[in-house]
Amino acid sequence: MSETQRKIPKRIANTVIQSLKGGVVPRTGLPYIAVGRKNEIDSLLRDVDIIADGGASFRFIVGRYGSGKSFLLQTMRSYVMDRGFAVVDADLSPERKLCGNNGQGLATYRELVQNMSTKTRPEGGALPLILDRWIQSVKSAAAAAGISPSDPGFREAVEKQIYAVITSMNDLVHGFDFARLLTLYYQSSENGNDEMKACVLKWFRGEYATKTDARRELGVNVIITDDDWYDYMKLYAWFLRQAGYAGLIVMIDELVNIYKIPNSISRQYNYEKILTMYNDTLQGRAHYIGFLMSGTPQCIEDTRRGVYSYEALRSRLQEGRFSKDGKRDLLGPVIRLEPLTAEEMLVLSGKIAEIHAQLYSWDPHLSDTDLADFIKIEYERIGADSHITPREVIRDFIELLDILYQYPESDVKTLLGSDQFVYTRDALSEQTSQSSGDGFASFTL
């Protein structure tokens, strides 16, 4: 174990190892295993600065399954929360789309709001905290103006400041309704009406199915729907800025689920929603908000079913003649992830070995030469230069660590050089060379 290694809480170490072993990206502990992607992160952080200044951005992250798209999104999630942003994220699925006839768009909105996170609440569910912090900040501002909380005019001064915030929202689409619910939340908070506060939160989360229910419980005749949920995302961004945050970052993963929609008209409606978001960010109709969407090359570039099947998007997003492998344009709307190098995977393997050692309180006895031998074997697969992904290598390596931990008498050199390993490796090499690279590979020891 490295003397300079940071001590990792077992809870986080377990999350990191189990998530990576399961082929998913951990939501916590990413700084301990961050490797590579410096250029991509720097480019995205430039967008973040623009958003904080009142602008907006929209980027696609494109890469094969297991190439690190979700990892990059979660890494950016940590970065922007540290910079004072709120983050909402969701994975699309058959039940969650950008729009649909059966509430699929609203289901995505609900997932986004449920996962709303801040630096002090990184695990999600931050909306109540944000609203309460906003009320407290307004009260603090009133107190700073020289009005004592015990003064009869204190509440009136607070309401004036709240009125100034919500008035700034009235010119935005649905801004009046959003501001009205903010006022209702403040009044409920001041009156100690927890039931009403819960109803307001229910409204903000998009959980009212009918206007009748909202009118009965809140006295309002509007609810968030499939058609207008995106407008409320823009309102959240504006409000968050007034509440002391730098802005809002919206992360949407698994665009492939739009690609998989069998009905062409439904797919086009979803791509039209993306076009609306894209145009708003570029034309100055959205403020303090950034969008990051990720998908595979096929779900983006397929001109029959993918994003590029919608001509208005294809003409905006398609790369020119000068961007190519090794010289990608990282300032364009589409960022294509190139594979991590063998050297970067070597560093990542070392980090994972240290975390595994801390989690299970053991010493893997892995030398730099052992790590290099493992990486060499992985990258010697036929077609590895174009097909192997970080997910495959990581899963293989954690499996190797698990075997070494459970069978202390095992020797890493013997395991890596065993006939069974070589046989399995050769078989996988053949599969890799014949596949599109969308599956997983692992070896058996």
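**Cavities in a predicted model**

Q: In this predicted model, what makes α2 stand out in the lining of the largest cavity?
A: It's the count: α2 supplies 4 residues, the largest share of that lining.

Q: Which elements give two or more residues to the lining of the largest cavity, and which residues line this cavity?
A: The elements are α2 (38–52), β1 (56–62), α3 (69–82) and β4 (289–295). The lining itself is made up of Leu 44, Asp 47, Val 48, Ile 51, Ser 57, Arg 59, Met 76, Val 80, Ile 249, Gly 290, Phe 291 and Leu 292.

Q: Why is the space of about 70 Å³ called a cavity?
A: About 70 Å³ lies in there, and the name fits because a 1.4 Å probe has room inside but cannot get out. The whole structure has 3 cavities of 30 Å³ or more.

Q: What makes Gly 290 count as a lining residue of the largest cavity, and why is Gly called polar?
A: Gly 290 is on the lining list, so it has an atom within 4 Å of a cavity point. Gly is put with the polar residues because it is in neither the nonpolar nor the charged set. Overall, this lining splits into 8 nonpolar, 2 polar and 2 charged residues.

Q: How many residues does α3 give to the lining of the second largest cavity, and what lines that cavity?
A: α3 gives the most, with 3 residues. The second largest cavity holds about 50 Å³ of space, and its lining is Ala 34, Val 35, Gly 36, Arg 37, Ile 41, Phe 71, Leu 72 and Thr 75.

Q: Which residue is the 1 charged one in that second lining?
A: Arg 37, because Arg counts as charged. The rest of the tally is 5 nonpolar and 2 polar.

Methods
Residues are numbered from 1 along each chain as its sequence is written. This is a predicted model: local features need pLDDT of at least 70, side-chain atom pairs count only at pLDDT 80 or more; totals for chains, interfaces and linings use all residues. Side-chain values use heavy atoms; hydrogens and water are left out. On a 1 Å grid over the protein atoms alone, a cavity is a set of points where a 1.4 Å probe fits but cannot get out, and a pocket is an open set with protein on both sides within 12 Å along at least five of seven lines; lining residues have an atom within 4 Å of a point. Grid points are joined across faces, edges and corners, and a volume is the space filled by probe spheres set on the points.
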